[in-house]
There are 2 protein chains.
Amino acid sequence: MRMRLKLKTVFVLYFMVSLLGLIYALMQLGQRCDCRGHAMSKDQQISQLRGELQKLQEHIKTSELSKKTDVPKIYVITPTYARLVQKAELTRLSHTFLHVPQLHWIVVEDAPQPTPLVTDFLAASGLTYAHLHKLTPKDRKLQEGDPSWLKPRGAEQRNEGLRWLREMGAAAEGKEAAALEEAVVYFADDDNTYSLQLFEEIRYTYRVSVWPVGLVGGMKFERPVVEDGKVVRFHTGWHPNRPFPIDMAGFAVSLRLILTNPQARFDGDAQMGFLESSFLQHLVTMDDLEPKADLCTKVLVWHTRTEKPKMKREDTLQKQGLGSDPDVEV
Amino acid sequence: MRMRLKLKTVFVLYFMVSLLGLIYALMQLGQRCDCRGHAMSKDQQISQLRGELQKLQEHIKTSELSKKTDVPKIYVITPTYARLVQKAELTRLSHTFLHVPQLHWIVVEDAPQPTPLVTDFLAASGLTYAHLHKLTPKDRKLQEGDPSWLKPRGAEQRNEGLRWLREMGAAAEGKEAAALEEAVVYFADDDNTYSLQLFEEIRYTYRVSVWPVGLVGGMKFERPVVEDGKVVRFHTGWHPNRPFPIDMAGFAVSLRLILTNPQARFDGDAQMGFLESSFLQHLVTMDDLEPKADLCTKVLVWHTRTEKPKMKREDTLQKQGLGSDPDVEV
């Protein structure tokens, strides 16, 4: 009896050892040799390795976070409108958001009613969302052929998102209301590109947080310039003396601040480049801005733009009755 | 007595399995980075950092392993080249791939050596990957001002990916080799948009699977036309009588087929629109094509293109010595 027990213990031990060996072997599979560094100085190597290490640590922190539910919520307001690339854009955006814990997506269509495309897309997305709609009045809308900068796009939809948040805020009680105190609001257009780290940076925003935005305004990046931990001016190529020369993708606002300042909204009649300022000047002064992304030295979001697809052959084929099946959703 | 004998047999079996695992792990340890052995003296700091880095990478891989492991692998070959939107594109693409179990990313840079940007990006991506590079010869490269359709882009890089797969295939033995028999290869450019469903469609490919591609070739979509479960022709606006009028994003090939047809490669000198055919005609006939995505009635991938960002203000500011800090990675 004693003998058998011992045998069992040894057996279990071997099982664990063999399992560890196998897991290690599996992990090694597919890992490639790192052949860089031939021409690199030791100092360069060390700094590069440090950088890689830091990035991995951040990655792990992010993925550990995905299990957490006790972190402040991020409400992301995304205006969207029907166009050929809409479903593609929403698709890849949703893949990013699916990695972010406690993200609540507020999608606001520029439409008289919710469209089947967006409705079905959201239902299948796996995300927590609110699906709103608000048609831009005709006189405020870009007309065919207008340059995209003539009128700000998405102002009405962002205001509708704010309205929804305030309605929700007014109805919240107890624990729910306390949770809202900590939440943050971000305006994420559906064509930009967002790193996962961005969301962990903005999650803890006391009033208004700011950071660099890549590939915006005819520049490699725009950013707040930070001195002694304070934003002192802005690196931008255009009207640096606007109240807040910040792109929509470059700031987040605490929900508390939005709820306690019901007058704060986007002015759809604002001059080009002044839409962000029209909203922010109700909420904050430059002195209060909280710099994120390593004191605004890292680009964690890119103002990418997707080309409008050419439909020349489609048009030709449609005239011949040979166009793409309109029943197939693109 | 019987009981004890059985236990012994199991015990011996486990002993062998554990030994194999350990031997494999030890072999891997010895192999690591023999390419770096060169004339470099082994600074303790470097080796320590490398050790830490490796541990973290293993940590990440272990948590990735918790995903499904009993499904065929998907090897995704992505050619990429340095440009302003490169990091943004790779970032959102990686967010998609992170959702796909058993995806192995083969990233091939069009560069004389691996760039720090892609190297660091991949190390922090959380994905299983191979990082390759292959410079396109100058005479095959698009020159400044050439229209993008003049020469096929990425042919050399895709061939380099194929070379890597064949090398891996030749080295595989036993269970590993058996797993490769089931794997599938997909060529995913870094600017397209991929639904998650696409990968589950293509995972089970016996020879060559095909499906519609949205927003390509001046059309809402191109697609194989299926009758009685067979591909009989192609819905496309251009040269429908090419051998395979299919965009790169519209097919996947079983790895087995690639390994048993070593002559199959992309012809970098192929006429416009014939690059896909130059590869596929070595592997399959139209009759063999396996229609996916509900008999090619669903669009699950979009040929999106990202605008080249304008750098007009950046150029102006740089002339004044006020350009964006070149040390900030975009």
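This note covers three residues of a predicted model: Thr80(A), Asp191(A) and Ser324(B).

1. Annotated site. The UniProt record, an unreviewed entry, lists a "binding site" in chain A. Among its residues are Pro79(A), Thr80(A), Tyr81(A), Asp110(A), Asp190(A), Asp191(A), Thr304(A) and Arg305(A). Two of these, Thr80(A) and Asp191(A), are taken up below.

2. Thr80(A), location. Thr80(A) sits in strand S1 of chain A, which spans residues 74-80. Thr80(A) has a relative accessible area of 3%. That is under 20%, so Thr80(A) counts as buried.

3. Thr80(A), surroundings. Neighbours within four places in sequence aside, Thr80(A) contacts Gln86(A), Leu90(A), Val107(A), Val108(A), Glu109(A), Asp110(A) and Asp190(A). With Gln86(A) there is a polar contact, side chain to side chain, at 2.9 Å. Asp110(A) and Asp190(A) also appear in the UniProt list.

4. Asp191(A). This residue lies in the loop between strand S4 (184-187) and strand S5 (193-194) of chain A. Residues up to four places away in sequence aside, Asp191(A) touches Glu89(A), Thr304(A), Arg305(A) and Thr306(A), and also Arg92(B). UniProt lists Thr304(A) and Arg305(A) for the "binding site" too.

5. Ser324(B), location. Ser324(B) falls in the segment after helix H11 (312-319) of chain B. Its relative accessible area is 3%. The cut-off for buried is under 20%, so Ser324(B) is buried.

6. Ser324(B), partners. Which residues does Ser324(B) contact, leaving aside neighbours within four places in sequence? They are Met219(A), Lys220(A), Phe221(A), His235(A) and Glu314(B). The Ser324(B) side chain makes a polar contact with the side chain of His235(A) at 2.8 Å. A polar atom of the Ser324(B) side chain also lies 3.4 Å from the backbone oxygen of Phe221(A).

Key. Residues are numbered from 1 along each chain as its sequence is written. Chains are lettered from A and ligands numbered from 1 in the order in which they are written. This is a predicted model: local features need pLDDT of at least 70, side-chain atom pairs count only at pLDDT 80 or more; totals for chains, interfaces and linings use all residues. Side-chain values use heavy atoms; hydrogens and water are left out. UniProt positions are given in the numbering used here, feature names are shortened, and annotations may be inferred rather than shown by experiment. Helices (H or I, at least four residues) and strands (E, at least two) are DSSP runs, numbered from the N terminus. Buried means under 20% relative accessible area, exposed over 50%, partly exposed in between (1.4 Å probe, protein chains only). Contact means heavy atoms within 4.5 Å. A polar contact is a pair of N or O atoms within 3.5 Å; within protein, one must be able to donate a hydrogen and the other to accept it, and residues adjacent in sequence count only if both atoms are side-chain atoms.
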